[in-house]
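Got your viewer running and the cartoon representation switched on? Load the model below and keep the selection box handy.

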Amino acid sequence: MLAGIGLWAFWEASGFDARSSTYPMIVAGLLAASGAGIAGMSLVRGAPPVALAAPLRAALPAGGIIAAWAAALGFGLGFLLPTLLMQIGLLWLSGMRGVLRILGTALLITVAAYALFVAGLEVPLPRSRVPGLI
């Protein structure tokens with residue numbers, strides 16, 4: 001599953017312009033390689049069967065949140081709003097509670113990511129097709 005999500009993300013990132021696609025393609029490639037490595041090691045070691053119900057209860061919603069974030073970027077909703085909403089969902093899913101705590105943390109992560117990409121790495125982020133959204 002991890003390798004599949006990584007390959008899908010790599011394919012999605014390949015549609016970005018040449019300057020914006022490098023970082024997401026590297027991260028997606030590492031994700032796919034990690035998934036393939038984990039799968040390969042479990043085949044080689046003959047790992048005992050694992051109950052997948054508990055991990056899937058967290059992994060499937062997290063994957064859905066990340067897929068929705070990628071779709072929002074692709075649909076032209078800009079970077080800030082989709083990233084903020086993704087952070088809110090992932091923080092809640094990870095067990096953080098308290099509306100103000102979640103909002104503050106999500107906002108801090110989103111602004112830090114924006115600053116890192118725009119100011120630090122000079123990577124152009126997806127433009128919004130909606131007036132007023134960044």
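What follows is a walk through this model, one selection at a time.

**Stop 1: the whole thing**

Before clicking on anything, bear in mind that this is a predicted model. Show the cartoon and count: the secondary structure comes to five helices and zero strands. Followed along the sequence, the pattern reads α-α-α-α-α. Fit the C-alpha trace to the window and you are looking at spans of about 55 × 40 × 25 Å along the principal axes.

Now switch on the surface. It comes to about 8800 Å² of accessible area, and 75% of that belongs to carbon and sulfur atoms. Colour by burial if your viewer can do it: of the 134 residues in the protein, buried ones make up 21%. If you like contact maps, take the contacts between residues at least 6 apart in sequence; 60% of them join residues at least 24 apart.

**Stop 2: the α3 and α4 pair**

Select residues 53–74, which is helix α3, and then residues 80–93, helix α4. How do these two helices run relative to each other? Their axes cross at roughly 175° and come within 9 Å. Angles over 145 degrees count as roughly antiparallel, so α3 and α4 are roughly antiparallel to each other. The contact involves Ala 58, Pro 61, Ala 62, Ile 65, Ile 66, Trp 69, Ala 72 and Leu 73 on the α3 side, with Pro 82, Thr 83, Met 86, Gly 89, Leu 90 and Leu 93 on the α4 side. Show those as sticks and leave the rest as cartoon.

**Stop 3: two glycines in α3**

Stay on α3 and pick Gly 63, which lies in this helix. Gly 63 counts as partly exposed because its relative accessibility is 24%. Draw a distance from its C-alpha to that of Leu 2: the two residues are 61 apart along the chain, yet the line reads 9.4 Å.

Move along to Gly 64, also in α3. Gly 64 is partly exposed too, with a relative accessible area of 39%. How far apart in space are Gly 64 and Gly 46? From C-alpha to C-alpha it is 30 Å, for a sequence separation of 18 residues.

**Stop 4: α4 meets α5**

Go back to α4 and select Gln 87, a member of this helix. Is Gln 87 buried or exposed? It is buried, because its relative accessible area is 13% and the cut-off for buried is under 20%. Set aside the residues within four places in sequence, and Gln 87 is in contact with Ala 106, Ile 109 and Thr 110.

Thr 110 is your next click, and it sits in helix α5. Thr 110 is buried, with a relative accessible area of 2%. Hide the residues up to four places away in sequence and look at what Thr 110 touches: Phe 79, Leu 80, Thr 83, Leu 84 and Gln 87. Thr 83 may look familiar, as it is also among the α4 residues in the contact with α3.

**Stop 5: a nonpolar patch**

Still on α4, select Leu 81. Leu 81 counts as partly exposed, given its 35% relative accessibility. Which residues join Leu 81 in a nonpolar surface patch? Add Phe 75, Leu 77, Leu 85, Val 130 and Leu 133 to the selection; with Leu 81 they make a patch of about 510 Å².

**Stop 6: after α5**

Last, select α5 itself, residues 99–120, and carry on into the segment that comes after it. Leu 121 is in that segment, and it is partly exposed at 45% relative accessibility. Its C-alpha is separated from that of Tyr 23 by 9.8 Å, although the two are 98 residues apart along the chain.

Pro 124 belongs to the segment after α5 as well, and it counts as partly exposed at 30% relative accessibility. Which residues does Pro 124 contact, leaving aside neighbours within four places in sequence? Show Asp 17, Arg 19 and Ser 20, and you have them. For one more distance, pick Arg 97: its C-alpha and that of Pro 124 are separated by 33 Å, with the two positions 27 residues apart along the chain being the sequence offset.

Definitions and conventions
Residues numbered from 1 in each chain as written. Predicted model: local features only at pLDDT ≥ 70, side-chain atom pairs only at ≥ 80, totals over all residues. Heavy atoms only, no water. Helix = DSSP H or I, 4+ residues; strand = E, 2+ residues; numbered from the N terminus. Buried < 20%, exposed > 50% of the residue type's maximum accessible area, 1.4 Å probe, protein only. Contact = heavy atoms within 4.5 Å. Patch = residues over 30% accessible without salt bridge, like charges linked within 9 Å, V, L, I, M, F, W, Y side chains within 5 Å. Areas by Shrake-Rupley, 256 points an atom, 1.4 Å probe, with all protein chains shown as cover. Salt bridge = Lys/Arg side-chain N within 4 Å of Asp/Glu carboxyl O. Axes fitted to C-alpha atoms, helices over the stretch in contact; angles between N-to-C directions. Parallel < 35°, antiparallel > 145°, perpendicular 65-115°, else oblique.
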